[in-house]
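Trainee: I would like a close look at the pockets of this model. Please take me through their linings, then through the parts around them.

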Amino acid sequence: MSSLLKDIYSPLFYENFSNVLLETVPGFDKENFISSIFDDDWNERELKSRMKHTATVLYEFMPKDFEAAGELIQKIILKIKEKPFTNSSFPFMFFPEYIEKYGLDYFEISVKLIETVTQFISCEFTVRPFIIRYGNEMISKMTEWSIHENHHVRRLASEGSRPRLPWAISLPELKKNPSPILPLLENLKNDSSEYVRRSVANSLNDISKDNPQVTLSIAKKWKGLGKETDAIIKHGSRTLLKQGNTEIMSHYGLVNSDKVFISDFELVNSRIKIGDYLEFSFKIENQEENAVPVRLEYGIYYLRQNGSWSKKVFKISERILLSNEILIVSRKQSFKIITTRKFYGGIQKISIIVNGHERCVEEFEIIGQ
């Protein structure tokens with residue numbers, strides 16, 4: 001039987017963690033700590049709830065002076081690094097939670113602690129309440145982090161300041177105006193770590209959703225600076241590319257040619273059940289005298305409960321299509337039940353997209369399970 005992710009918080013984990021606390025926290029009561037962790041609601045708690053609960057319980061056994069508690073957290077982490085008892089630092093995400101929950105009133109102490117802790121377990125969620133409360137003061141600190149010697153700290157600068165970081169609280173002011181974080185992205189555009197550069201790209205993609213012209217301007221500014229920077233621009237423009245934004249299409253030479261044809265678009269199965277695959281194929285032919293860059297995508301118009309459609313674009317490939325070259329493309333799109341999308345029976349649509357332009361649309365039907 002496969003274990004659930006929440007079960008990383010096992011009795012053995014807390015036994016080992018308690019032994020570390022015995023060595024670091026003066027007067028630590030191990031028996032009471034473990035008893036408080038495994039309260040009456042424990043079995044019903046999911047992963048995030050168990051993490052938050054651990055931070056809350058830990059607080060009761062730490063000094064109430066936050067600076068003293070922060071010093072102990074650093075000692076605890078050092079002990080864990082010396083004798084690790086887990087395969088990753090992921091279970092210790094309650095340390096960033098602790099800082100967020102109890103350190104928000106202590107700016108200077110907390111930012112120093114965050115700088116240390118994020119080198120062990122990422123504090124990308126933790127910094128966001130600090131950005132909201134302290135504004136430019138926190139962004140200034142994160143700009144300093146963008147030139148830090150440790151790549152985890154540098155990544156925190158870009159990842160933590162993303163306007164739309166998934167599963168995190170949003171940053172409304174940066175969604176309106178991302179200019180305060182542009183200097184730190186500038187510092188990181190040539191970073192030696194791909195881990196950091198990918199975060200920069202994700203931030204640019206976030207920015208493009210509310211301020212597309214900012215991302216487009218940066219794409220022009222950074223174009224040709226290097227292979228790695230070009231990759232940042234491409235990944236950071238992915239939403240604009242899926243939207244068929246004409247300016248970013250032009251940036252990559254992806255023009256709408258009337259001599260690039262789509263033909264023989266066929267659905268293998270136009271009526272499918274939830275859980276099945278929609279199979280389709282088509283031909284694409286370049287009748288231009290020269291080779292042309294082509295970005296191939298398809299769009300699925302999912303039927304909503306209210307009878308309207310919600311379009312999602314999926315990339316097929318991006319390549320150079322030679323003069324008179326013909327490609328036969330076939331794909332399968334899954335309609336298996338997933339947590340992020342609900343399927344409704346009825347007429348849906350699929351389209352083929354070439355360089356941001358829809359060329360043909362066909363209907364298909366979901367008939368239930």
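**The pockets and their surroundings**

Mentor: Start with residue classes. The lining of the largest pocket has eleven nonpolar, two polar and six charged residues. That makes 19 lining residues in this predicted model. Lys48, Met51, Met93, Phe125 and Trp167 are the ones that lie nearest the centre of the largest pocket. The volume of this pocket is about 630 Å³. Two elements give two or more residues each to its lining: α3 (47-60) and α5 (94-102). Of the elements, α3 gives the most, with four residues.

Stay with Trp167 for a moment. Tryptophan 167 sits in the loop between α9 (151-160) and α10 (172-176). Its phi is near 65 degrees. That is a positive value, and the residue is not a glycine. Is tryptophan 167 buried or exposed? Its relative accessible area is 80%, and the cut-off for exposed is over 50%, so tryptophan 167 counts as exposed. So one residue joins three features: a place among those nearest the centre of the largest pocket, a positive phi and an exposed state.

Now the second largest pocket. Its volume is about 240 Å³. The class make-up of its lining is one nonpolar, three polar and five charged residues. The lining residues are Asn205, Lys209, Arg238, Thr239, Lys242, Gln243, Lys311, Lys312 and Val313. Valine counts as nonpolar, so Val313 is the one nonpolar residue of this lining. Three elements each supply at least two residues: α12 (194-210), α15 (238-243) and β5 (309-321). Here α15 gives the most, with four residues.

Where does the second largest pocket lie with respect to domain 1 and domain 2? Domain 1 covers 5-251, and domain 2 covers 260-367. Both give residues to the lining, so the second largest pocket lies between them.

Follow β5 away from that pocket. This strand belongs to an open sheet of five strands. The order is β2-β8-β7-β4-β5, and the pairing is mixed. The edges are held by β2 (271-272) and β5. Each has a single partner strand, so one side of each is left without a neighbour in the sheet. Thus β5 has two roles: it is an edge strand of the sheet, and it supplies at least two residues to the lining of the second largest pocket.

Further inside the strand order, look at β7 and β8. Strand β7 takes in residues 346-354, and strand β8 takes in residues 357-366. They pair in the antiparallel sense over nine bridges. One pair can be named: isoleucine 350 has glutamate 362 in β8 as its bridge partner.

Strand β1 (residues 260-267) holds another backbone point to check, aspartate 264. Its phi is positive, at about 55 degrees, although aspartate 264 is not a glycine. Its relative accessibility is 45%, so aspartate 264 counts as partly exposed. Compare the state of tryptophan 167, which is exposed.

Finish with the cysteines. A search of the whole structure finds zero disulfides. Cysteine 123 has a relative accessible area of 0% and is buried. Cysteine 360 is at 19%, and the cut-off for buried is under 20%, so cysteine 360 counts as buried too.

Notes. Residues numbered from 1 in each chain as written. Predicted model: local features only at pLDDT ≥ 70, side-chain atom pairs only at ≥ 80, totals over all residues. Heavy atoms only, no water. Disulfide = S-S within 2.5 Å. Buried < 20%, exposed > 50% of the residue type's maximum accessible area, 1.4 Å probe, protein only. 1 Å grid on protein atoms, 1.4 Å probe; cavity = no way out; pocket = protein on both sides within 12 Å on 5 of 7 lines; lining within 4 Å. Points joined across faces, edges and corners; volume = space filled by probe spheres on them. Domains from an automatic or database assignment. Pairing = 2+ DSSP bridges.
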